[in-house]
Amino acid sequence: MAISFMATCHLKQPHTPEDKGRTCSRYTGQAVRAVPIRVITVGKKRAEGVRLLVDEYKTKLKPYCSFEDSLVRSNPRNAQDVRAQVEDEEVGIMKLIGPDDWVVVLDERGRDVDSEQMAELLGDAGNSGASRISFCIGGAYGHGREVRKRANVTIRLSSMVLNHQIALVVLMEQLYRAWTILKGQNYHH
């Protein structure tokens, strides 16, 4: 079920100064199907501060959608070869992605999206017929070929490379922000 984000979201880039503070005009005030969200992160045990922030945003997301957080162990066989490490992590990610999932891969080479575009992405995924949105955060060496091929869309949270724990916290805040945009609430300005 490949859906082109480029084709379904009417995104204009770069934004002009007049666009600053705009709202998600396509979905604000409209009913958006609340598709369950799963965030799949490759990594090791999370720092306590990260766990606290993730838990806080899970609580904030409850009124909007169901949410699941899955951690895939990085380098599960302690491979010395980077390619083997990425392939092993990819197996763990692919086991968690369902056939009807709308898959969003986070990658430093992905498309830049702002908060309103993230809201549109959630709205588009909700209207796609997908059973769930799966956001995939890769390990130290990124995603394998199969995960990238399975992606419906590839985005980036920053042009900088982010540690997977930082990327998770930023993604959680942006998911909450996106839902408040979709619902026309005052969190985003």
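The exercises below, each with a worked solution, concern the predicted model shown above.

Residues are numbered from 1 along each chain as its sequence is written, and side-chain values use heavy atoms, with hydrogens and water left out. Because the model is predicted, local features need pLDDT of at least 70 and side-chain atom pairs count only at pLDDT 80 or more, whereas totals for chains, interfaces and linings use all residues.

**Exercise 1. State how many helices and strands the protein chain has, and in which pattern they follow one another.**

Step 1. Helices are DSSP runs of H or I with at least four residues, strands are runs of E with at least two, and both are numbered from the N terminus; on this basis the protein chain has 6 helices and 5 strands.

Step 2. Read along the sequence, these elements give the pattern α-β-α-β-α-β-α-β-α-β-α.

Step 3. Of the 189 residues in the protein chain, 50% are buried, where buried means under 20% relative accessible area, exposed over 50% and partly exposed in between, with a 1.4 Å probe and protein chains only.

**Exercise 2. Describe how helix α6 packs against α2 and against α4.**

Step 1. Two packed helices are described by the angle between their axes and the distance between the axes. The axes are lines fitted to C-alpha atoms, for helices over the stretch in contact, and the angles run from 0 to 180 degrees between N-to-C directions.

Step 2. Helix α2 (residues 48-61) and helix α6 (residues 164-182) pack at about 15 degrees with axes 10 Å apart, and α2 and α6 are therefore roughly parallel to each other. Angles under 35 degrees count as roughly parallel, over 145 as roughly antiparallel, 65 to 115 as roughly perpendicular and the rest as oblique.

Step 3. For α4 and α6, the axes come within 8 Å and cross at roughly 75 degrees, so these two helices are roughly perpendicular to each other.

Step 4. The α4 residues that meet α6 are Ser115, Glu116, Met118, Ala119, Leu122 and Gly123, and their partners in α6 include Leu175, Ala178 and Trp179, with contact meaning heavy atoms within 4.5 Å. By class, the contact of α4 with α6 has 9 nonpolar, 3 polar and 2 charged residues; Ala, Val, Leu, Ile, Met, Phe, Trp, Tyr, Cys and Pro count as nonpolar, Asp, Glu, Lys and Arg as charged, and the others, Gly among them, as polar.

**Exercise 3. Compare the end-to-end reach of α4 and of α3 with the expected span, and say which of their residues are buried.**

Step 1. The expected span is 1.5 Å times one less than the number of residues. Helix α4 (residues 115-127) has 13 residues and reaches 19 Å from first to last C-alpha, close to the 18 Å expected.

Step 2. The 15 residues of helix α3 (residues 82-96) should span 21 Å, and since its end C-alpha atoms are 22 Å apart, the two values agree.

Step 3. In α4, 12 of the 13 residues are buried, among them Met118, Leu121 and Leu122. In α3 the buried residues are Ala84, Gln85, Val86, Asp88, Glu89, Glu90 and Ile93, and they pack against β1 (37-43), β2 (67-73), β4 and α5 (145-150).

**Exercise 4. Decide whether Ser134 and Arg132 are buried or exposed, and list what they touch.**

Step 1. Ser134 lies in strand β4 (residues 132-137), and because its relative accessibility is 0%, Ser134 counts as buried. Leaving aside neighbours within four places in sequence, Ser134 is in contact with Arg38, Ile40, Asp101, Trp102, Val103 and Val104.

Step 2. Arg132, in strand β4, is buried, with a relative accessible area of 16%. Not counting residues up to four places away in sequence, Arg132 touches residues including Glu68, Asp100 and Asp101.
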